[in-house]
Every structure is written in structure tokens, then in C-alpha cells.
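Here's a quick briefing to read with the structure open beside you. Take a look first, then work through the notes.

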Amino acid sequence: MTSRKDSGRKSEQKVLAQHRALREQITALRESKDSKALLDQLRSFRGSLSEHFCVEEAAGGFYASVILIAPRHQSVLDGLCTEHQELLQDTDELIARITDDGDDFVAVRKDALHICERLEKHEAQENEILQEVMNTDIGVGD
Ligand SMILES: [Fe+2]
Ligand SMILES: [Fe+2]
């Protein structure tokens, strides 16, 4: 039978692996040299974001495990869930600006970098919670 500790560790490992993969995508986005490259990177980034947020919010996933172990984080996690929707929506709008309007590269790139910075702050907050919970609470209830 899978214990709370095992399931917490599994979701932790998956989230950390996805955070590493997203960091690589952010680097590729920052290095995009033209609108076509930026659009390709943004589409791929959008797909990864969506998958990552689903994993974090899934029943028995990262957020659920944290709430179970340390319910004091509920309000911060609620805010992070809202941020998931905002990041997806803003990425969609940016993709639409390139595909529909042919918006200029410099403007779109600036906004893409802003989304990357927001995601980095978001992930840093999650990593902090994850570390705190894993260090202090994971054994509770075993
Ligand atoms: Fe998240
Ligand atoms: Fe995350």
C-alpha cells in the first residue's frame, strides 16, 4: 500500500522534474531570435505549462499532498492555482498576437520574457513550500 510519505515523494519528484524541464524551455524562449522561433517556443511552452499545472492540481498531486500534510498553505496554493489560469491565458493571448496580428517581435518578446519571470517567481514559491513541507511535515501521520 502506498503511504502518504511515498505519494508525497512521487509527486515531489514529478513536480521537480517538470520545473527543470520548464527552466530549459524558458532559456530557449529567451534565446528566440525571431517571431517564428518565438511562436514555436511559445506553443511548446504553453503545452508544457498546461500539462504541468494539471499534474500540480490533480487529485493526489502536489497541491493536494501539501494541503493534506500542511493545510496552512491552503490560501497560498489557492493563489497559485489562480496564477496557473492567468499564465495560460496570457500565453494564449501572446500566441494570438503573433498569429492573428503579426505583432512585432520586440513587443511580443518583451511580454514573453515577462511571463517567464512570473513563472519563475511562481515556481520559486512552490519550491519553497515543497522544501519546507518535505523537511518538516512529510512524516506526520505515518
Ligand atoms: Fe504551479
Ligand atoms: Fe510548478
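What follows covers the overall fold, then the helices, then how they pack, then a few single residues.

This is a predicted model. The chain holds five helices and zero strands, so it's helices all the way along: the pattern reads α-α-α-α-α. Much of the story below is about how α2, α4 and α5 sit against one another.

**The chain overall**

- Taken along the principal axes, the C-alpha atoms fill a box of roughly 55 × 25 × 20 Å.
- The chain has 142 residues, and 20% of them count as buried.
- If you look at contacts with a separation of 6 or more, 76% of them link residues 24 or more positions apart.

**Helices α2 and α4, one by one**

- Helix α2 covers residues 35-57, which is 23 residues. At 1.5 Å a residue that should span 33 Å, and the end C-alpha atoms are 32 Å apart, so the two agree.
- Which residues of α2 are buried? They are Leu38, Leu42, Phe45, His52, Phe53 and Glu56.
- Helix α4 covers residues 74-101. It has 28 residues and reaches 40 Å from its first C-alpha to its last, close to the 40 Å expected at 1.5 Å a residue.
- The buried residues of α4 are Leu77, Leu87, Thr91, Leu94 and Ile98. The cover over them includes α2, α3 (62-69) and α5.
- Just after α4 comes Gly102, with a positive phi of about 60°.

**α4 against α5**

- Two packed helices are described by the angle between their axes and the distance between the axes.
- For α4 and α5 (residues 105-136), the axes come within 11 Å and cross at roughly 160°. That angle is over 145, so α4 counts as roughly antiparallel to α5.
- The crossing of α4 past α5 is left-handed.
- On the α4 side, the contact uses Val76, Leu80, Glu83, Leu87, Asp90, Thr91, Leu94, Arg97 and Ile98. On the α5 side, it uses Val108, Asp111, Ala112, Ile115, Arg118, Leu119, His122, Gln125, Glu126 and Ile129.
- By class, the residues of this α4 and α5 contact split into ten nonpolar, three polar and six charged.

**α2 against α4**

- Here the axes of α2 and α4 come within 10 Å, again crossing at roughly 160°. That makes α2 roughly antiparallel to α4.
- The α2 and α4 crossing is left-handed.
- From α2, the residues making the contact are Ser35, Leu38, Leu39, Leu42, Arg43, Phe45, Arg46, Leu49, Ser50, Phe53 and Glu57. From α4, they are Cys81, His84, Leu87, Leu88, Thr91, Asp92, Leu94, Ile95, Ile98 and Thr99.
- Sorted by class, the contact of α2 with α4 has twelve nonpolar, five polar and four charged residues.
- Some names turn up twice: Leu38, Leu42, Phe45 and Phe53 are among the buried residues of α2, and these four also belong to the contact with α4.

**α2 against α5**

- How do α2 and α5 lie, roughly parallel or roughly antiparallel? Their axes come within 10 Å and cross at roughly 30°. That is under 35 degrees, so α2 and α5 are roughly parallel to each other.
- α2 passes α5 in a left-handed crossing.
- Ser35, Leu38 and Leu42 of α2 make this contact with Phe105, Val108, Arg109 and Ala112 of α5.
- The class count for α2 with α5 is five nonpolar, one polar and one charged.
- Val108 and Ala112 of α5 take part here, and they also appear in the contact with α4.

**Two residues of α5 to click on**

- Val106 is found in helix α5. Is Val106 buried or exposed? It is exposed, because just 8 other C-beta atoms lie within 10 Å, and 12 or fewer counts as exposed.
- The C-alpha atoms of Val106 and Cys54 are 31 Å apart, with their positions 52 residues apart along the chain.
- Glu132 also lies in helix α5. With 13 other C-beta atoms within 10 Å, Glu132 is partly exposed.
- Glu132 and Ile26 are 106 residues apart along the chain, and their C-alpha atoms are separated by 25 Å.

Notes
Residues are numbered from 1 along each chain as its sequence is written. Chains are lettered from A and ligands numbered from 1 in the order in which they are written. This is a predicted model: local features need pLDDT of at least 70, side-chain atom pairs count only at pLDDT 80 or more; totals for chains, interfaces and linings use all residues. Axes are lines fitted to C-alpha atoms, for helices over the stretch in contact, and angles run from 0 to 180 degrees between N-to-C directions. Helices (H or I, at least four residues) and strands (E, at least two) are DSSP runs, numbered from the N terminus. Angles under 35 degrees count as roughly parallel, over 145 as roughly antiparallel, 65 to 115 as roughly perpendicular and the rest as oblique. A crossing is left-handed if the near helix is turned anticlockwise from the far one by less than a right angle, and right-handed if clockwise. Two residues are in contact if their C-beta atoms, placed from the backbone, lie within 7 Å. Ala, Val, Leu, Ile, Met, Phe, Trp, Tyr, Cys and Pro count as nonpolar, Asp, Glu, Lys and Arg as charged, and the others, Gly among them, as polar. The expected span of a helix is 1.5 Å times one less than its number of residues.
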